[in-house]
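Colleague: I am new to this structure and would be grateful for a close look at one part of the model. Please describe the binding site in a connected account.

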Amino acid sequence: MRKKIIIHASELVTCAGKAPKCGREMSEIGLIRDGAVVIDGDTIAETGKTEDVLKKVNPKEYDIIDASGKTVLPGFVDSHTHFIFGGDRADEFSWRLKGDSYMSIMERGGGINATVTKTREASLEELVSVGRERLDQMLRFGVTTVEGKSGYGLDRDTELKQLYAMRQLQREHPIDIVTTFLGPHSVLPEYKGREREFLEKMISEVMPAVREEHLAEFADIFCEKNVFSIEDSRYYLTEAKKMGFRLKIHADEMAPLGGAELAAEVGCVSADHLLQATGEGIQAMAKSGVISTLLPATAFCLKEEFANGRKMIDEGCAVAIASDWNPGSCFTNSIPLLAALGCIYMNLSIEEVITALTINGAAAVGREEQIGSIEKGKKADIIFLRFPSIHFIPYHTGINLVEKVMKNGEFV
Ligand code: NIG
Ligand code: FE
């Protein structure tokens, strides 16, 4: 592969330096005007002002990429998705528009359990095929790394089938996939009142297979009123940690159960959703370095109050923003929608939103040493926007500005 040099980027956003970025650091995006990036193979070799970088290299040895008039950013990291599933739940969306709530639909047999049925019915090939289309769609929005969860099987074979689908896609698709085991995503009617028994089954029968075959790095649980309690979540996460999983938690989405505090207590890498996180929960996350992963498109689609991202940043948390793409609460993977909601409704600056979608997203999937910023030694995952400044991201509201995507040093 010939070496490449990107020159004259109107704005080069590096997001370089400490990772993750907490509190005020989230505004420091390392913006360089008239920026340049040297790429050797799949790796970033140098960054700086075009003038300075050109002095250090012999341009004849390089493929030159002129980025005049463009904004150049690290590839986006969508650090929370459920993109492997069978069927859809368009009917539920229309019920919600008429006033039904997400939890009431779930309690009468719809919701996650409806997707479990469809995912059990789908073949591995079908899951790979829909997964491939969804990854293509993510790539068009500039996503170069995605986290994907199981959780629509709730039994051994289907949970593994979802993870196998992601493993196959990891081998064939340019997007990197970080996988999470989310066996405790919902309670099937036959386990109502016997949640602990279900967890024990997951821990003894499914998780060893997941570990043995290296099918997931993270373990996650839906800690929620009428789903898995704090006590059950503590038990599951503690066992998962002993087995070598890194931890995530769906926390304080509909009710303030104390999921954020639990995340701090058991050492989760991230706590996600957090619409109802309390002041104590926010402080606990800030103190213990749990990344607060916010999913504003979910709050938007459910017509719920947004998580208090402003307070989280002001209190010193590292905030990531992700899509939560799933068939129920949030059937969208739109990065421009996330950026607009982050800036307009959550009162984050565009700089903070960019940090949340890049380096902090990378940290939320444990990849902050490899990706999430444009700096020497990192993978050349780089996106080009067709406008000259980051300010077009919220301003050209809801529009996909991504013109070109480079993954591991190659345009894809
Ligand atoms: O993160 N809240 C729980 N899990 C998903 C929704 C999954 C679904 O509705 O299918 C979420 O929003
Ligand atoms: Fe989720």
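Modeller: The site around ligand 1

Ligand 1 is surrounded by 16 residues, and the closest are Tyr102, Tyr152, His273, Asp324 and Ser329. Please bear in mind that this is a predicted model. By residue type, the shell around ligand 1 comprises five nonpolar, eight polar and three charged residues.

Several side chains place polar atoms beside the ligand. A polar side-chain atom of Tyr152 is found 2.6 Å from an oxygen atom of ligand 1. In the side chain of His185, an N or O atom lies 2.8 Å from a nitrogen atom of ligand 1. The side chain of His82 also takes part, with an N or O atom 3.3 Å from an oxygen atom of ligand 1. On its own, ligand 1 has 330 Å² of accessible area, and the protein covers 100% of it. The space that ligand 1 takes is the second largest cavity.

His82 leads on to the metal. The iron ion (ligand 2) has as its protein donors His80 (NE2), His82 (NE2), His250 (NE2) and Asp324 (OD), which lie 2.0 to 2.3 Å from the ion. Along the chain, these donors follow the spacing H-x1-H-x167-H-x73-D. Of the donors, His80 and His82 are both buried. Two residues thus link the two parts of this account: Asp324, listed among the closest to ligand 1, is a donor of the iron ion, and His82, with its side-chain atom 3.3 Å from an oxygen atom of ligand 1, is a donor as well.

Key. Residues numbered from 1 in each chain as written. Chains lettered and ligands numbered in written order. Predicted model: local features only at pLDDT ≥ 70, side-chain atom pairs only at ≥ 80, totals over all residues. Heavy atoms only, no water. Near = heavy atom within 4 Å. Polar contact = N/O pair within 3.5 Å; in protein donor to acceptor, adjacent residues only side chain to side chain. Areas by Shrake-Rupley, 256 points an atom, 1.4 Å probe, with all protein chains shown as cover. 1 Å grid on protein atoms, 1.4 Å probe; cavity = no way out; pocket = protein on both sides within 12 Å on 5 of 7 lines; lining within 4 Å. Sits in = over half its atoms within 2 Å of the grid points. Nonpolar A, V, L, I, M, F, W, Y, C, P; charged D, E, K, R; others polar. Donors = N, O, S within 2.8 Å, 3.2 Å for Na, K, Ca; no water. Buried < 20%, exposed > 50% of the residue type's maximum accessible area, 1.4 Å probe, protein only.
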